[in-house]
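Colleague: I am new to this structure and should be grateful for a close look at a single part. Would you please take me through the paired strands and the cysteine links beside them?

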Amino acid sequence: MVSENFNIEAPNYLSKESEVLIYARQDSQCIDCFQAFLPVHYRYHRPHSKDGETFIVVNNPDLLMYCDQEFPILKCWAQSEVAAPCALKTKDICQWNNMKYKSVYKNVTLQVPVGLTIHTSLVCSVTLLITILCSTLILVAVFKYGHFSL
């Protein structure tokens with residue numbers, strides 16, 4: 001679940017850091033295990049002048065657990081500190097407990113390829129030529145095989 005004003009296509013230099021809520025599902029092979037998947041979308045970056053890569057640090061997530069007041073064994077509902085939606089498709093707000101955990105990795109660093117500024121004129125020229133060529137081919141096909149009635 002991401003915020004409503006989240007633009008996935010915005011380039012890196014026009015976007016803000018965002019918060020994503022992921023609801024884990026219980027693993028079918030392990031009764032005490034949960035699985036969650038986070039699809040990652042690399043944002044476009046400005047071209048660099050020297051090297052063709054940039055690095056992105058993905059911080060470790062906060063692990064939130066919902067404690068139902070009907071389940072008194074855990075008693076964690078008394079310590080709930082984070083307000084977030086109860087489920088993926090509901091607007092109800094529940095209190096969640098921020099759990100401490102030991103992470104396998106400190107933070108994850110992603111290496112993202114970026115363009116080089118010296119290629120700008122070449123890329124723009126080739127893109128313009130291909131656009132003109134394809135547009136011309138589409139117009140030729142429309143006039144040759146199109147059926148027009150006025």
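Modeller: Two strands are said to pair if DSSP finds at least two bridges between them. The model discussed here is a predicted one. With that in mind, let us begin with β6. Strand β5, residues 82-85, pairs with β6 in the antiparallel sense, and 4 bridges connect them. Within this pairing, V82 has W96 of β6 as its bridge partner. Strand β4, residues 63-66, is also joined to β6, which spans residues 93-99; the two run antiparallel, with 4 bridges. Here Y66 stands opposite W96. W96 is thus the partner of V82 and also faces Y66. In a regular strand, side chains alternate between the two faces of the sheet.

The cysteines come next. The structure holds 2 disulfides. One of them links C86 and C94, whose sulfur atoms are 1.7 Å apart. The torsion about this S-S bond is about 100°, so the disulfide of C86 and C94 is right-handed. Its two ends differ in cover: C94 counts as buried because its relative accessibility is 10%, under the 20% limit, whereas C86, at 25%, counts as partly exposed.

The other disulfide is formed by C30 and C33, with sulfur atoms 2.0 Å apart. The link of C30 and C33 is right-handed as well, with 50° about the S-S bond. C30 is partly exposed at a relative accessible area of 25%, and C33 is partly exposed at 28%.

Notes:
Residues are numbered from 1 along each chain as its sequence is written. This is a predicted model: local features need pLDDT of at least 70, side-chain atom pairs count only at pLDDT 80 or more; totals for chains, interfaces and linings use all residues. Side-chain values use heavy atoms; hydrogens and water are left out. A disulfide is a pair of cysteine sulfur atoms within 2.5 Å. Buried means under 20% relative accessible area, exposed over 50%, partly exposed in between (1.4 Å probe, protein chains only).
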